[in-house]
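Hi,

Here is the structure I promised to pass on. Have a look at it first, and then read on for what turned up.

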Amino acid sequence: LLRPVWRHSVGVVAGKERTLHEIEHGILRGMNEPRVHTAIVCASVSCPDLRPEAFAPERLEAQLDDQVRLFLGNTGKGMKIEASRLYLSSIFKWFEEDFGGVLRFITHYASPLDQKAPGRPGGRPDGGGERGYGGSGIPGDSSDGKRPDRPHIKAAVRGSVHFREHH
């Protein structure tokens with residue numbers, strides 16, 4: 001009775017009784033599709049917004065791309081660039097191995113505004129209760145140097161990256 005909601009059975013999926021934890025970590029994350037993290041909604045304020053339509057097989061690729069862009073474009077949730085700091089959702093910290101390089105992932109989906117904004121390199125991580133990374137990159141960034149050119153994001157990363165706490 002007092003178990004977290006994630007460990008309670010929620011119904012039958014693929015012929016087997018499942019919990020939300022099994023669905024997220026066993027099924028969805030097992031697809032090796034990082035965009036799914038912007039489609040999973042746990043109903044906390046900081047989670048990605050609930051899509052106003054159901055995901056449909058014939059539109060799934062476009063819907064997932066759109067969901068990533070909407071999440072990153074929401075400066076209160078996904079990504080915010082301020083001076084020489086890049087603020088990211090903690091989703092990118094918790095599941096960094098799923099993204100195959102967080103920096104490469106976010107630069108692929110960054111809005112045109114973020115791509116054109118003037119960068120201001122410098123700055124230092126201040127900690128401040130958030131996990132900060134300075135220097136040349138962020139955790140889990142295994143990119144091969146073939147990143148899209150997003151000077152504002154790269155300049156912010158040279159300053160510091162901070163992960164927001166989720167509520």
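A good place to start is glutamine 67. If we skip the neighbours within four places in sequence, its contacts are Thr38, Ala39, Asp49, Arg51 and Phe55. One of these partners also shows up as a polar pairing: a polar atom of the glutamine 67 side chain sits 3.2 Å from the backbone oxygen of threonine 38. Histidine 37 is 30 residues away from glutamine 67 along the chain, yet their C-alpha atoms are separated by 9.5 Å. Is glutamine 67 buried or exposed? Its relative accessibility is 4%, and under 20% counts as buried, so glutamine 67 is buried. Do keep in mind that this is a predicted model.

Now for the whole chain. The protein has six helices and six strands, and in sequence order they run β-β-α-α-β-β-α-α-α-β-α-β. Of its 167 residues, 38% count as buried. Taking contacts between residues at least 6 apart in sequence, 65% join residues at least 24 apart.

Back to glutamine 67 for a moment: it belongs to helix α2, and that helix is worth following. How do α2 and α4 pack? The angle is about 100°, and the axes are 9 Å apart. Angles of 65 to 115 degrees count as roughly perpendicular, so that is how α2 and α4 lie to each other. On the α2 side the contact is made by Asp65, Val68, Arg69 and Leu72, and on the α4 side by Phe105, Ile106 and Tyr109. Sorted by type, the residues of this contact are five nonpolar, two charged and no polar.

Some of those names come back in the largest nonpolar core, which has 17 residues. Leu72, Met79, Leu88, Phe92, Phe99, Phe105 and Ile106 are the ones with the most contacts inside it. At least two residues of this core come from each of α2 (60-73), β3 (79-82), β4 (85-89), α3 (91-94) and α4 (102-109). Which of them gives the most? That is α4, with five residues.

If you want one core residue to click on, try phenylalanine 92. Again without the neighbours within four places in sequence, phenylalanine 92 touches Phe71, Leu72, Gly78, Phe99, Val102, Phe105, Ile106 and Phe163.

Have fun with it, and shout if anything is unclear.

Cheers

Definitions and conventions: Residues numbered from 1 in each chain as written. Predicted model: local features only at pLDDT ≥ 70, side-chain atom pairs only at ≥ 80, totals over all residues. Heavy atoms only, no water. Core = buried A, V, L, I, M, F, W, Y, C linked by side-chain atoms within 4.5 Å. Buried < 20%, exposed > 50% of the residue type's maximum accessible area, 1.4 Å probe, protein only. Helix = DSSP H or I, 4+ residues; strand = E, 2+ residues; numbered from the N terminus. Contact = heavy atoms within 4.5 Å. Axes fitted to C-alpha atoms, helices over the stretch in contact; angles between N-to-C directions. Parallel < 35°, antiparallel > 145°, perpendicular 65-115°, else oblique. Nonpolar A, V, L, I, M, F, W, Y, C, P; charged D, E, K, R; others polar. Polar contact = N/O pair within 3.5 Å; in protein donor to acceptor, adjacent residues only side chain to side chain.
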